[in-house]
Amino acid sequence: MPTKLSAWWPAVRRCALIGTAGLALLGAGLPALAADGDGPGLSRFYDQKITWSARACGIAEAAGSAGDLQCGKVTVPLDYAHPGAGTLELALARHRATGDARGSVVLNFGGPGGSGVSQLGWSADQFMDLAEGYDVVSFDPRGVGRSSPVSCGATGHGAPDPAGEAQEPADALKDPQAVLRQLRREAQKCAEHSGPVLPHIGTVNVARDLDVIRAALGDKKLNYLGFSYGTRLGAVYAAQFPDKVGRLVLDGVDTLTEPLAEQGVVGARGQQAALESFVDWCVKDIACPLGQDARTAREDVESLVGSLDEDPVPTAFGGPFTGQDLVGALSQALYSEDMWPLLERALASLLEDGDTRALESFAGGGVTLPVRSRTGEGTGGTLVHEEEVPPDNLPAALMAVNCADDPDRPTAGQITRDLARLRAEYERASPVFGTYRLTQVLMCHGRPKGTDFIREKVKDVDTPRMLLVGTRGDPATPYRWTVETAKRLGPSAVVLDNRGEGHTGYGSSGCVHRKVDDFLLYGSLPADGSSCGPDRDR
């Protein structure tokens, strides 16, 4: 399960459990599907037009853009099964084409839970080649960013830990009953702080929103570039709307079949390998705060996590910075080798000065100032101001979407019986990231069963050929997921093998970048199974 955005954006991807929403609130969470957008009561959504304006963009988006970002919104049904029962507004952003536009290409940067509007504002220069032929568009999915953001009431960028605040995580996880009690407390918080969008979150509904966006943009077919979780969204869209698929690219391909517990082990193992690679790189530098011996350095990282869990250090705002906060920061910084020098300096600041700010910037997507948030009864479906987005929106949305997408629900008895075994399995996968990632197997406890549509129906799609990019050294979405998903999607899927490192390929490999652009702009696909070599110069 991806818990990150693309490699060039060190945004928060906190894997700590943020809790579960109430059963009554989520009871109607399974979406009704339609073959296309012509279902009863949907025509008014498909007939709308977008009004674009630079003034509609928030301060953060405008500050990060080159000055030509425009923003707008579309309206979608809250519940596609009952389109008259309420609506949501979704925030959009675009960079106008610099050449002759043949329509739009829609981007999803991953997550789930990442704001596409903000990310497009900050990273538009990555997509200027595509702007030669397209308006480049992104959006905040339902429950995310300015689009009716969900929250579990956390006041910081992190998320409550199912282990509780009074014990070290490793010790608390020895007590399944304590974990279950904490889950129930967090469930109530989520129910209190999220609005009516919560039962209708999930990739199946976001894919339906994506088709409304396509129509509102005036495009007969969807041209799409999705990263990490965005590949799951793209695959679901292809299964729901095969006749509407244009040129579709999936980079950093997510699994469509593995249960969350198995995904967590894969993630822990990949992050441990990335940490060891970072340590090997760091100790070659005389300034490395971990010393010059790789084995000792790895042991020191493990000891530092345990020490901070037992005795946190204060942050600039007075809150505690724990070992699990450090693990969260490491997990983000390790997604791209480009961030390793920043991580080295951030660790030096912590170890030499007790300064957590640089590490917090990894865990918080570069934002450490507290913000004003809107909580309680939700937003009534209208867009919120950027300053009203709850600071825990990203992890809250991540967990809500992943739980809505997963049909497995271990019972309290199964958790009690299996927790010790799972803890040992995760710690074998990674002594640093194991405890952090173990929460994934617990995070959906208390929520109704998620949809089985993705696991059962997203396969053998009858679409034009699409491009799937897998990176051999990807710590988050292993290359085998690309191969497995391509086989599952069927003959339409063409695989590009990126023999580089890091999460996703478009932002780190010049070869991948060119091949993706050539396909989206000109329809030129590489041969299935062709490869791009390592590219450390981009």
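**Close-up views of a predicted model**

**View 1. Two arginines placed over tyrosine rings.** In this predicted model, R102 lies over the face of Y134, at 5.5 Å from the ring centre. A second arginine, R472, is found over the face of Y479, where the distance to the ring centre is 4.0 Å.

**View 2. Strand β8 and the strands that pair with it.** Strand β8 covers residues 245-251 and is mostly covered, with six of its seven residues buried. Which strands pair with β8 in the parallel sense? One of them is strand β7, formed by residues 222-227, which is joined to β8 over five bridges, and within this pairing L222 stands opposite V245 of β8. Strand β11, made of residues 466-473, also pairs with β8 in the parallel sense, here over three bridges, and in this pairing V249 has L467 in β11 as its bridge partner. When looking along such strands, it helps to remember that in a regular strand the side chains alternate between the two faces of the sheet.

**View 3. A right-handed β-α-β unit.** Strand β7, helix α8 and strand β8 together make a β-α-β unit that is right-handed. The helix of this unit, α8, is formed by residues 229-240, while the two strands of the unit, β7 and β8, are parallel to one another.

**View 4. The tilted aromatic pair of F127 and F227.** The count of aromatic pairs in the model comes to nine. Among them is the pair of F127 and F227, which is tilted, with 6.4 Å from centre to centre and 50° between the planes. This pair links distant parts of the chain, since F127 belongs to the loop between α4 (116-123) and β6 (135-139) whereas F227 belongs to strand β7, 100 residues apart. Are these two rings buried or exposed? F127 counts as buried because its relative accessibility is 1%, which is under the 20% cut-off, and F227 is likewise buried because its relative accessible area is 0%.

**View 5. The stacked aromatic pair of F127 and Y506, and the ring cluster.** F127 also forms an aromatic pair with Y506, and this one is stacked, with 5.7 Å from centre to centre and 10° between the planes. Because F127 lies in the loop between α4 and β6 and Y506 lies in the loop between β12 (493-501) and α19 (510-522), the pair ties together parts of the chain that are 379 residues apart in sequence. Y506 counts as buried, because its relative accessibility is 0%. Through ring pairs, F109, F127, F227 and Y506 are linked into a cluster.

How values were computed: Residues are numbered from 1 along each chain as its sequence is written. This is a predicted model: local features need pLDDT of at least 70, side-chain atom pairs count only at pLDDT 80 or more; totals for chains, interfaces and linings use all residues. Side-chain values use heavy atoms; hydrogens and water are left out. Buried means under 20% relative accessible area, exposed over 50%, partly exposed in between (1.4 Å probe, protein chains only). Helices (H or I, at least four residues) and strands (E, at least two) are DSSP runs, numbered from the N terminus. Two strands pair if DSSP finds at least two bridges between them. A crossover is right-handed if, with the strands pointing away from the viewer, the path from the first strand over the helix to the second runs clockwise. Rings of Phe, Tyr and Trp (its six-membered ring) pair if their centres lie within 6.5 Å; planes under 30 degrees apart count as stacked, over 60 as edge-to-face and the rest as tilted. A charge sits over a ring if NZ of Lys or CZ of Arg is within 6 Å of the ring centre and within 35 degrees of the ring normal.
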